[in-house]
Amino acid sequence: MRMLGLALVLTAATAAADTPTRIPERAIPIAEALRDRALAGTPAFDIVEDLTTTVGPRLPGSQADARAVAWAVAKFKALGFDRVWTEPVTIPVWRRGHARAEVVGAFAQPLVITALGGSVGTDGALEAEIAEFPTLQALREAPEGSLAGKIAFISNRMERFIDGSGYGPAVVARSNGAVEAARLGAKAIVIRSIGTNSARFPHTGNMRYVDDVPKIPAAALSNPDADQLLRLLARGQPVRLRLDFEAGTIGEHTTHNVIGEITGRERPDEVVVIGAHLDSWDLGTGALDDGAGIAITMAAGALIGQLDKTQRPRRSVRVIAWGAEEIGLLGAYAYAARHADAITRHLIGAESDFGAGRIYALRAGVKDSAWDAIERIGQVLAPLGIVTERGVGGPGPDIIPLAQRGMAWAQLAQDGSDYFDYHHTPDDTLDKIDPEALDQQVAAYAAFAYLAAEAEGDFGSAPREAVQNR
Ligand SMILES: [Zn+2]
């Protein structure tokens, strides 16, 4: 996942006389039955087991990414979705090769690193003294030219919170560090991994260049390796690093969003969106990020699809497996652009992209007159240990482009206490997933999507000028 510090709240632009949105009472027992059926066991774990075993890591634009698209089409069909289709997304293709790093000189020793996504390589070995900064901001404040010929090192440590809120303040070093260091003359940058683990795994993740600043190689050190460098620097002598890694953007490719839909009984053109991203980084198998979300939302949609025709929700439930999330929400931006004229028909959307921990809160960005309906949905989720929280939260990353265009959103907030121990590392693998926790989330997504699709009235989705935030 990629989280922006963005809290979108729909303003009550609608007329004061707006009729409150209601969840019809006859829908409640059906939603409760969906919820309880999910708790008795769902195919979610089998879905993520299959994706992570037969496809494995799914770097956007890779051969495995194409296999993942074919896998998702086949899985939606096998799960009984009424309509299954793909939509193209044009993306840059980035690849990594080997990565080596070592301290040279009196303290010579190897370190564990990985290239950041989007980085260029070192073009052979590159050796220089390191200059350490505790934060990106401290680096920005360094004098002009002060990093000439050096390797910048940002040592900030991400803090652990249940909601992952330590990520935003820390991740700017990954996203923007290379540009800021290059402006001051640095030859390369290494950062402490944006992660909360103490395992010797570096965390990859996307970084950016800008056109008028030299593109310097950027890599992440594992947390223990960053600690080691700090201890060496504390000895008071210059520390030199040799970096040697291959990475680079190798062209353009077309990948796909994959969409499965359960057709609504009355207004099939209106949709409730749930989903997750199909791509992953290349180091692990993308089990937590975001195979779990794919499994949860596919299983939730499938459960709704198994309802008797007369019990089908009024509107359609659309499950989107977004492509190329990790390299900048590219599938989500493509979807939002393609469906820009249909924002009003996108009733509300929610994405599962925060690992496999249980859901503990329902939050939403909806018009005021729809809040009672959110509360009613929350009452059905309450037995799952889920509280309804107003005025906080934000949409999942792939929902952001739609929310920027005016779609209402919901967030089924997961316990992410250990999410950043594994995020974007070789350790993001299936064994970290508890099948019962997945079923709790399928229960929540199925009940949420069903009830939202049954609503009398809407949640406030209305076209708004698209804000480009990239
Ligand atoms: Zn993700």
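Here is a short walk through the model, from its confidence to a few strands, a loop residue and a helix pair.

What you are looking at is a predicted model. The chain has a mean pLDDT of 95, and 95% of its residues reach 70 or more. One stretch to treat with care is residues 1-16, where the pLDDT is below 50. In the model, this stretch has 48 contacts beyond near neighbours in sequence.

Let's turn to strand 5, which spans residues 151-154. Strand 4 (residues 126-133) runs parallel to strand 5, and 4 bridges join the two. To find this pairing on your screen, look for Ala-131, which stands opposite Ala-152 in strand 5. Strand 5 also pairs with strand 6 (residues 188-192), again in the parallel sense and over 4 bridges. Here a handy marker is Ile-151, which stands opposite Ala-188 in strand 6. Now follow the side chains of strand 5: Ile-151 and Phe-153 point one way, while Ala-152 and Ile-154 point the other way. Residues on both of these sides are buried.

Moving on along the chain, you come to the loop between strand 5 and helix 5 (167-183), and in this loop lies Asn-156. Is this loop residue buried or exposed? Asn-156 has a relative accessible area of 12%, and buried means under 20%, so Asn-156 counts as buried. What surrounds Asn-156, once neighbours within four places in sequence are left aside? Its contacts are Pro-134, Thr-135, Pro-169, Ala-170, Ala-173, Arg-192 and Ile-194. Among these, Arg-192 belongs to strand 6, given that strand's range of residues 188-192, and Pro-169, Ala-170 and Ala-173 fall within helix 5 (167-183).

Another strand pairing is worth a visit. Strand 9 (residues 267-277) and strand 11 pair in the parallel sense over 5 bridges. One of the places to look is Val-271, whose bridge partner in strand 11 is His-346. Strand 11 covers residues 346-351, and 6 of its 6 residues are buried, so the rest of the structure largely encloses this strand.

Finally, have a look at two helices that pack together. Helix 2 (residues 44-55) and helix 12 (residues 435-454) have axes 8 Å apart and meet at an angle of about 115°. Helix 2 and helix 12 are therefore roughly perpendicular to each other. From helix 2 come Ala-44, Phe-45 and Val-48, and they meet Pro-435, Leu-438, Asp-439 and Val-442 of helix 12. Sorted by class, this contact has 6 nonpolar residues, no polar ones and 1 charged residue.

Definitions and conventions. Residues numbered from 1 in each chain as written. Predicted model: local features only at pLDDT ≥ 70, side-chain atom pairs only at ≥ 80, totals over all residues. Heavy atoms only, no water. Axes fitted to C-alpha atoms, helices over the stretch in contact; angles between N-to-C directions. Parallel < 35°, antiparallel > 145°, perpendicular 65-115°, else oblique. Contact = heavy atoms within 4.5 Å. Nonpolar A, V, L, I, M, F, W, Y, C, P; charged D, E, K, R; others polar. pLDDT = per-residue confidence, 0-100. Buried < 20%, exposed > 50% of the residue type's maximum accessible area, 1.4 Å probe, protein only. Pairing = 2+ DSSP bridges.
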